[in-house]
Amino acid sequence: MHDQHRRRFLAALTATAAAPAALAQAANPSTQGIAVPTAVPIGGALRYDNDEVWSRLVALAGGPGARFAIFATAAGNPERSAGLIARALQKHGARTEHIAVAPKLPGVDLAAAVKHPEWVDKVRGCQGVFFSGGAQERIVDTLQPVGQTTPLLQAVWDVFNRGGVVAGTSAGAAIMSTTMFRDAQDVMAAMKGPLRNGREVDRGLGFVGPSLFVDQHFLRRGRIGRMLPLMLQRGYTLGLGVEENSAAIVRGTQVEVIGGRGALLADLSTAAHDAALGAFNLKNAVLTYLDRGDRYDLATRVLTPSAPKAADHRIDPNAADFKPYFNNRIFPLDMLGDATISNAMAHLLDSPQRELRGLAFNALPPADDPAPELGFEFRLHKRPDTHGWFTGHFGGEDYTVAHMGLDVTPMRLRQPLYTAWSR
């Protein structure tokens, strides 16, 4: 972790509410004329016609003419990936440079390339850096072998620390926190554990700072089931799961979500864990779903909705005049399904119920599963500060949900799950 960035992030995050002016300046150093480093984790599956995200990246780097270094280090086909990314950035006025340092590029001496002055100078001369998707372990093993910062990675940090943009999609987003998932595709296996160094988890590069964990493909792949155990194990109080075709712009303690969907923020600062249960569990976690256009202050825990949401309908389920839209009770049988967690949060917010329960389990556990009957109950519940917004501005039913409580409890499920009916 680079000390300059670490000090800046921690100073902003620990600022007290007793000094709101100082906090505002710490959270937004641009008000003091200081260049603000910008990290942009993108949740994967970023469409090349998502003009909102691509144009914003170029604008953050200084606008048309800004130079981007493209690292397709994670990609299986680096030349193709770099070419597609370059075309998307160039469409919005950026100049691009493919940094051809990748394990899947034939004939490249990686140990020499990460020290080569030509590559280092090219990166250092850029205002933005973009990491492609693929396998995140290729990025950290190449640029940070055995945890050591190479000259090429130091050049990326130089761009970032002078106020540049470091963005990445999928694998390129996974590297954004100080710890990352290395290989944990099976979410239920991650919930059951263990999460081992060098296997399921590894060092990340840390561009979002030491106190925020980032995951990607989040709602689509139900990755709340793996993010929460990692946060608990590694002592993270804040975790940000970015959905596909969406991006989170992280500047100091400010987060803004743009793109196709949104991001889920998990706050474990008041959460409790009972080690005696012998399996992952959690009580009093707090979830916030940030839809596109929403902003969140990590220091003050204040959410600012998008303009369409602010102009439409605010929902306070604790108000005396609350009129819920949903009246049916639901019990999701796959809380790790595509967008199930965010949909359940929206449903509970806009219903008369105070809590909603669902399950996460393996209906067909693999033969080597050491605990095939282990599943988990998710209990969402309204807190005194739970609130949100709704809009139909985009043509759908779009919710923002702030400060929803969550408990996760291990449960024993019978195997097989069901049998034939008989009298």
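Q: Before we start, what counts as a contact here?
A: Contact means heavy atoms within 4.5 Å. The model is a predicted one.

Q: OK, then which residues does Arg223 touch, leaving out those up to four places away in sequence?
A: Arg223 touches Gln185, Val187, Asp215, Gln216, His217 and Phe218.

Q: Where is Arg223 placed?
A: Arg223 is in the loop between β8 (212–215) and α11 (224–234).

Q: And is Arg223 buried or exposed?
A: Arg223 has 3% relative accessibility, so it counts as buried; the cut-off for buried is under 20%.

Q: How far is Arg223 from Met188?
A: In sequence, Arg223 and Met188 are 35 residues apart, and the C-alpha to C-alpha separation in space is 9.3 Å.

Q: Switching to sheets. What is the strand order in the open one with 9 strands?
A: The order is β3-β2-β4-β5-β1-β10-β11-β14-β15, with mixed pairing. β3 (95–98) and β15 (302–304) are the edge strands, each pairing on one side only. On average, neighbouring strands in this sheet are turned by 20° against each other, ignoring direction.

Q: What packs on that sheet around β2, β3 and β4?
A: Helix α4 (residues 78–90) packs there and touches those three strands, and its direction makes about 170° with that of β3.

Q: How do β2 and β4 pair?
A: β2 (residues 67–71) and β4 (residues 128–131) pair in the parallel sense over 4 bridges. Phe68 stands opposite Gly128 in β4.

Q: And β2 with β3, how many bridges?
A: β2 and β3 have 4 bridges, also in the parallel sense. There, Ile70 stands opposite His98 in β3.

Q: Which side chains of β3 are buried?
A: Thr96 and His98 point to one face and are buried, while Arg95 and Glu97 point to the other face and are not. In a regular strand the side chains alternate between the two faces of the sheet.

Q: Different strand now: how many of the 8 residues of β18 are buried?
A: In β18 (residues 374–381), 7 of the 8 residues are buried, so the strand is largely enclosed by the rest of the structure.

Q: What does β18 pair with?
A: β17 (residues 355–360) is joined to β18 by 6 bridges, running antiparallel, and Leu359 stands opposite Glu377 in β18. Strand β20 (residues 398–412) is joined to β18 by 8 bridges, again antiparallel. Leu380 stands opposite Leu406 in β20.

Q: Helices next. At what angle do α6 and α8 pack?
A: α6 (residues 117–124) and α8 (residues 151–161) pack at about 10°, and their axes are 8 Å apart. Angles under 35 degrees count as roughly parallel, and α6 and α8 are therefore roughly parallel to each other.

Q: Which hand is the crossing?
A: α6 passes α8 in a right-handed crossing.

Q: Which residues meet there?
A: From α6, Trp119, Val120, Val123 and Arg124 meet Pro151, Leu152, Ala155, Val156, Asp158 and Val159 of α8.

Q: Last one: which residues of α7 are buried?
A: In α7 (residues 136–143), the buried residues are Gln136, Ile139, Val140, Thr142 and Leu143. Looking down the axis of α7, they fall within an arc of 165°, so they line one face of the helix.

Q: Why do residues three or four places apart point the same way in an α-helix?
A: Because an α-helix has 3.6 residues a turn.

Notes: Residues are numbered from 1 along each chain as its sequence is written. This is a predicted model: local features need pLDDT of at least 70, side-chain atom pairs count only at pLDDT 80 or more; totals for chains, interfaces and linings use all residues. Side-chain values use heavy atoms; hydrogens and water are left out. Buried means under 20% relative accessible area, exposed over 50%, partly exposed in between (1.4 Å probe, protein chains only). Helices (H or I, at least four residues) and strands (E, at least two) are DSSP runs, numbered from the N terminus. The arc is that of the directions from the helix axis to the C-beta atoms. Two strands pair if DSSP finds at least two bridges between them. Axes are lines fitted to C-alpha atoms, for helices over the stretch in contact, and angles run from 0 to 180 degrees between N-to-C directions. Angles under 35 degrees count as roughly parallel, over 145 as roughly antiparallel, 65 to 115 as roughly perpendicular and the rest as oblique. A crossing is left-handed if the near helix is turned anticlockwise from the far one by less than a right angle, and right-handed if clockwise.
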